[in-house]
Amino acid sequence: MSPTTPRPFAIVTGASSGIGYELAKLCAEDGYDLLIAADQPSIVEAAQGLRALGAGVETVQADLATLEGVDTLVAAVAGRQIDALLANAGHGLGGAFLDQDFAEARHVLDTNVTGTIYLLHKLARTMRDQGRGRILLTGSIAGLMPGTYAAVYNGTKAFIDSFSFALRHELEESGVTVTCLMPGPTDTEFFDRAGMTDTKVGQDQKKDDPAAVARTGYEAMKKGEGDVVAGLKNKLQAAMAAVTPQGVLADMHADMARPGGGKA
Ligand SMILES: NC(=O)c1ccc[n+]([C@@H]2O[C@H](COP(=O)([O-])OP(=O)(O)OC[C@H]3O[C@@H](n4cnc5c(N)ncnc54)[C@H](OP(=O)(O)O)[C@@H]3O)[C@@H](O)[C@H]2O)c1
């Protein structure tokens with residue numbers, strides 16, 4: 001890159017921790033300037049770490065479950081060309097559906113689905129007009145199975161896994177690619193935040209490394225691939241899910257996610 005060439009510009013949501021922070025790091029190492037967003041003030045700390053890698057980094061602190069929060073992020077783009085949009089913000093919620101607080105369940109839906117597609121509706125239009133760009137959505141292998149004891153969360157990820165491919169095909173001739181990253185259980189703040197630390201999956205000591213998961217997704221995005229499941233074990237699980245009856249998958253999920261199903 002010559003000193004006069006502007007650096008490419010990437011937007012990463014949910015970049016304060018976990019997979020999103022690692023995605024933002026990969027963008028920074030690859031020469032992108034960044035606009036990063038999350039809900040809590042820790043996004044400012046995350047920006048400091050990313051600036052140390054040489055990137056120009058702006059932050060937006062907003063609840064991306066709300067249209068107003070997404071509007072704040074869109075306003076911060078300020079008409080710039082978008083080279084990459086990594087829509088990764090999301091969270092889970094454990095427990096039996098009828099025992100969940102409905103406002104919390106709705107926040108999962110509003111963050112993972114409504115906020116995500118509202119952001120895409122705004123920014124992917126800009127990218128289509130540009131005639132180029134890369135989009136990465138963080139879906140999940142959870143979207144491939146009924147989420148007994150995480151029913152709303154798995155439903156949101158089934159939506160994202162499906163939506164991603166549909167949008168990809170609608171944008172086929174546009175120069176914009178859409179990639180879906182489908183991680184399995186990954187060692188981030190996810191399970192703590194979802195109230196799932198007393199479950200088998202929450203206590204699994206062999207969760208994937210978020211840096212490796214992010215790299216898998218980032219490389220697939222750069223190549224413009226349709227989707228990628230992170231990790232061999234998850235690839236096998238995804239392949240198995242495709243040929244296993246839903247009832248069996250729902251039972252298997254119950255075993256992994258039942259509250260109190262882990263070690264006391
Ligand atoms: N960990 C796993 O096992 C796993 C597996 C498959 C898919 N995923 C997906 O991977 C993505 C990243 O999760 P993670 O595992 O890296 O968990 P994480 O460490 O908890 O990171 C989640 C990120 O999303 C942000 N976020 C959540 N809700 C938000 C909201 N309403 N508005 C703005 N920002 C919000 C969080 O910021 P704040 O803290 O500021 O809210 C944080 O930056 C999620 O979409 C998740 O569903 C995770």
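In this predicted model, helices H1 and H2 are roughly parallel to each other, because the angle between them, about 30 degrees, falls under the 35 degrees that marks the limit of that class. H1 covers residues 18-29 and H2 covers residues 42-51, and their axes lie 10 Å apart. The crossing in which H1 passes H2 is right-handed. On the H1 side, the contact is made by Tyr21, Ala24, Lys25 and Ala28, and on the H2 side by Ala46, Gly49 and Leu50. By residue class, this contact divides into 5 nonpolar residues, 1 polar and 1 charged.

H2 also brings us to the sheet, since this helix lies across S2 and S3 and runs at about 170 degrees to S3. The sheet itself is open and consists of 7 strands, arranged in the order S3-S2-S1-S4-S5-S6-S7 with parallel pairing. The edges are taken by S3 (57-61) and S7 (227-229); each has a single partner strand, so one side of each is left without a neighbour in the sheet. From one strand to the next, the twist averages 15 degrees.

Within this order, a good place to look more closely is S1, residues 9-13. This strand is mostly covered, with 5 of its 5 residues buried. Its side chains alternate in direction: Phe9, Ile11 and Thr13 point one way, Ala10 and Val12 point the other way, and all are buried. S1 pairs with S2 (residues 33-38) in the parallel sense, over 5 bridges. Two positions help to fix the register of this pair by eye. Phenylalanine 9 has aspartate 33 of S2 as its bridge partner, and isoleucine 11 stands opposite leucine 35 of S2.

Further along the sheet, S4 (residues 84-87) and S5 run parallel and are joined by 4 bridges. Here alanine 87 of S4 stands opposite leucine 137 in S5. S5 spans residues 133-138 and is mostly covered, with 5 of its 6 residues buried.

The next strand in the order, S6 (residues 176-182), contains valine 176. At 4% relative accessibility, this valine counts as buried, because the value lies under the 20% cut-off. Leaving aside residues up to four places away in sequence, valine 176 touches Met127, Arg128, Arg132, Gly133, Ile135 and Leu171. Valine 176 can also be placed relative to aspartate 83: the two are 93 residues apart in sequence, while their C-alpha atoms are 9.4 Å apart in space.

Threonine 186 is found beyond S6, in the loop between that strand and helix H6 (190-193). Although in a loop, threonine 186 counts as buried, at 5% relative accessibility. Again leaving aside residues up to four places away in sequence, the residues it touches are Ile19, Phe191, Lys207, Asp208, Asp209, Pro210 and Val213. For one of these, lysine 207, the C-alpha separation from threonine 186 is 4.8 Å, with the two residues 21 apart along the chain.

How values were computed. Residues are numbered from 1 along each chain as its sequence is written. This is a predicted model: local features need pLDDT of at least 70, side-chain atom pairs count only at pLDDT 80 or more; totals for chains, interfaces and linings use all residues. Side-chain values use heavy atoms; hydrogens and water are left out. Axes are lines fitted to C-alpha atoms, for helices over the stretch in contact, and angles run from 0 to 180 degrees between N-to-C directions. Helices (H or I, at least four residues) and strands (E, at least two) are DSSP runs, numbered from the N terminus. Angles under 35 degrees count as roughly parallel, over 145 as roughly antiparallel, 65 to 115 as roughly perpendicular and the rest as oblique. A crossing is left-handed if the near helix is turned anticlockwise from the far one by less than a right angle, and right-handed if clockwise. Contact means heavy atoms within 4.5 Å. Ala, Val, Leu, Ile, Met, Phe, Trp, Tyr, Cys and Pro count as nonpolar, Asp, Glu, Lys and Arg as charged, and the others, Gly among them, as polar. Buried means under 20% relative accessible area, exposed over 50%, partly exposed in between (1.4 Å probe, protein chains only). Two strands pair if DSSP finds at least two bridges between them.
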